[in-house]
Amino acid sequence: MTIPVALLKKKATFKRDPERVPEDFHEELFRLEEEGEWLVDRVTGPYVEVPTKYGRPKKVPKGHLWHHKSCGQCGHIPGYSTSIFWVMRKLGYDYNDPRDQTSCTAWNYYASATSNAAAQAAVALRNFAAAKETGYFPLIHCGTSYGHYKEVREELILYPELRAEVRKVLAKLGKELVMPEEIVHYSEWFYAMRDEIASEQKRDMKGIAVTVHPACHYYKLVEGDAIYDPDIYGGQRTAIVTGLAEALGAEVRSYSTWFDCCGFGFRHILVQRDFTRSFATMRKIEVMKEEADPDVVLTHDTGCVTTLDKSQFAAKAHGRNVGVPVMSEAQFAALSMGAHPYKVCQLHWHSADYRPLLEKMGIDWEKAWAEFEAEVKRLERGEVEFLTWDDVDA
Amino acid sequence: MATASALLKLDAAAGFDDVSYEEKARLFDEVRADLRYPEYLYGCYECGICVAACPSARFYDFSPRRIAQAAAREDVELVYQQMQEDIWECSQCFSCLRCPRGNNPGGVITIMREVAVNNGLASARQALEGYSRIIYKIMSTGTQVSPDMLQPDAFPDWGPEVKDVSDNLALWRKALPPETLHTTSTGWDVDPRTLTELYVIWFETGALEMIKEVDEGLYTILEEIMEERLEEEGITP
């Protein structure tokens, strides 16, 4: 039996007890700046205020963003990154896609622990300093980078000895300590911009049933930054992804294991995938199928898309109840705005069969694939070196 | 009936008799000396909320509650056993932050893992077997996973699309409109100066040195690559 989100809305709304609201980290952030400990990279230019878990409004800049890319997205799900850029371009917001950026290295840290608090903080602050040098404000693509950077911020606020160590390292690079006023995840930008995105919609998502997997590192790690909206799930779950999917007209269906992790496990996905496959199948995909029967699973993090998508092939061979496409809400939003499923959303890098979903959206995937292959032939013949943004919209 | 492995996890059967109590206590002291530790552990109600939320607890003989309890009780023997047997089962999802007492069992495990790596414990060496190429990739290139890792023999369980990607990799990367994504051996095109700065970070913070304890061969390779580049830039690590 499916559980419509509308029913959840009738449940009691989460009300914050003012006595139990944690302190706003901004007080410490600006105090440390006054004391000369670091520079705060402020949000300038137009922004949208979004509600967070404890009611604090968070500023999400609309444009002039420095895209802190995700190694897992760029490496294995490139349509994820491409869709983020494509939507931003379509809405007319400028951005910077830097080469002066490293991975946050947190996937490795959570997998192998072959690093330490000082190294992790130095990597984060090197990237933040690089962003500030360009004048663009950082937008974090990966959920784990976002969660980890919030952890780093918390640690640097708490421990003067860590700040001193990181300052020494960054001085060797000729860089100052820089901390952004807000650490912003790309999915928060999509949430904040959902009405603008919907206003540019070319494909109707009515009739598309969606389940949402909220990413652990988005809302469990340093929870106070995550978006919670009283109008979505009564403020009892993070509103991220769901708010966008609803704005696009999709039907979001709930399921009982929404709080469960996807099973990624960081080291498990790479070297112990029996755990990852089992968890993703038995605690996520099968439960979604049985309780909500979605047309697509939407999520907003690198590891979650990878895990939920790639785990289904082996599970299917074992006769499990799987078989539902998985993508980021950025790809879903891009599709709704008329993006090409292969040239922009790069769905051929995904494993679970997405073709029935495209058909339901009214997309002729056979024609679209032929168009993509024709472009690849041009590349093969050396007629063009790379495809450009103009090419993918042609 | 309790399984044999569960029985082995009883306090009385912590094992590792060949390791002295003093050595186990030294390692626990290293865990407790981490500056984050006081913020990660406040005590345990034994409510089990962390276990209910934990993905690893569903498929392994693993419990974040036992981690928090052992540390809070300062049970040197059990903490050592957990460093050898349990900590690498954690998914590091931090669902256990649901703890009503404010504990962070996942964070305690992060610290325990670091200590296990720094001291070259057998569990760390074993857990990281087959993982060397990932450490190599992230530390030497600044991006953790690369498109060319998608090989059918490495990911046979991910379906035939992996082979399609592998067969068409160079062309499909050129078909990506962002100019930074035309790479095959890194996630994106990282500026050489950026990489130099990353190497300085690995040297200065002791992160590179940590590799020596778990994989000496990998350490030597990484050290050579990084020293060569830093030398070219006139930087002495």
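Let's start with a strand pair in chain A: strand S9, residues 209-213, runs parallel to S11, and the two share four bridges. Keep in mind that this is a predicted model. If you want one spot to look at in that pairing, take A:His213, whose bridge partner in S11 is A:Thr299.

Now stay on S11, because there's a second partner to see here. S11 also pairs with strand S12, residues 326-328, again in the parallel sense, this time over three bridges. A:Thr299 turns up here too, bridged to A:Ser328 in S12.

So which residues of S11 face which side, and are they buried? On one side you have A:Val296 and A:Leu298, on the other A:Val297 and A:Thr299, and all of these are buried, so to speak with both faces of the strand covered.A little further along is helix H15, residues 302-310 of chain A. Nine of its nine residues are buried, so this helix is largely enclosed by the rest of the structure. The list runs A:Thr302, A:Gly303, A:Cys304, A:Val305, A:Thr306, A:Thr307, A:Leu308, A:Asp309 and A:Lys310. Yes, an Asp and a Lys are on that list.

Okay, zooming out to the whole of chain A. The count is 20 helices and twelve strands. Its radius of gyration is 21 Å, and the globule rule gives 21 Å for 394 residues, so chain A is as compact as a globular protein of that length. Measured out along the principal axes, as it were, the C-alpha trace spans about 60 × 60 × 45 Å. Buried residues account for 56% of the 394. And if you take the contacts between residues at least 6 apart in sequence, 78% of them join residues at least 24 apart.

Chain A also splits into domains: domain 1 covers 21-186 and domain 2 covers 202-370. Their C-alpha centres sit 25 Å apart. How many residues are in contact between the two? It's 36 from domain 1 and 33 from domain 2. On the domain 1 side, the elements that give two or more residues are strand S3 (47-51) and helices H3 (71-76), H4 (78-90), H5 (106-112) and H7 (143-158). H4 of chain A gives the most, with nine residues. By class, that domain 1 side has 17 nonpolar, 13 polar and six charged residues.

Next, the core. The largest nonpolar core has 197 residues, and those with the most contacts inside it are A:Ala122, A:Leu125, A:Ala333, A:Ala334 and B:Trp202. Note the chain letter on that Trp: it belongs to chain B. Which element gives this core its largest share? That's helix H6 of chain A, residues 117-134, with twelve residues.

Pick A:Ala334 out of that group and look at what surrounds it. Leaving aside neighbours within four places in sequence, A:Ala334 is in contact with A:Ser83, A:Trp86, A:Val87, A:Ala339, A:Val344 and A:Cys345.

One more residue in chain A, an acidic one this time: A:Asp41, in strand S2, residues 39-41. Is A:Asp41 buried or exposed? With 20 C-beta neighbours inside 10 Å, A:Asp41 counts as buried. Its contacts, not counting residues up to four places away in sequence, are A:Phe128, A:Ala131, A:Lys132, A:Phe137, A:Val178, A:Met179, A:Pro180 and A:Glu181. If you want a distance across the chain, the C-alpha atoms of A:Asp41 and A:Ile363 are separated by 43 Å, with their positions 322 residues apart along the chain.

Right, over to chain B. This one comes out as 15 helices and zero strands. The C-alpha atoms of chain B fill a box of roughly 60 × 45 × 35 Å along the principal axes. Of its 237 residues, 49% count as buried. For contacts with a separation of 6 or more, residues 24 or more positions apart account for 68% in chain B.

Last stop, where the two chains meet. The contact takes 75 residues from chain A and 65 residues from chain B. On the chain B side, the helices that each supply at least two residues are H5 (55-59), H8 (105-118), H10 (132-141), H11 (161-167), H12 (169-174), H13 (192-204) and H14 (207-214). H13 of chain B has the largest share of that side, seven residues. And by class, the side of chain B that touches chain A has 36 nonpolar, 16 polar and 13 charged residues.

Key
Residues are numbered from 1 along each chain as its sequence is written. Chains are lettered from A and ligands numbered from 1 in the order in which they are written. This is a predicted model: local features need pLDDT of at least 70, side-chain atom pairs count only at pLDDT 80 or more; totals for chains, interfaces and linings use all residues. The radius of gyration is taken over C-alpha atoms; the globule rule is 2.2 Å times the number of residues to the power 0.38. A residue is buried if 20 or more other C-beta atoms lie within 10 Å of its own, exposed if 12 or fewer, and partly exposed in between; C-beta atoms are placed from the backbone. Two residues are in contact if their C-beta atoms, placed from the backbone, lie within 7 Å. Ala, Val, Leu, Ile, Met, Phe, Trp, Tyr, Cys and Pro count as nonpolar, Asp, Glu, Lys and Arg as charged, and the others, Gly among them, as polar. Two strands pair if DSSP finds at least two bridges between them. Domain bounds come from an automatic or database domain assignment. A nonpolar core is a set of buried Ala, Val, Leu, Ile, Met, Phe, Trp, Tyr and Cys residues joined through C-beta atoms within 7 Å.
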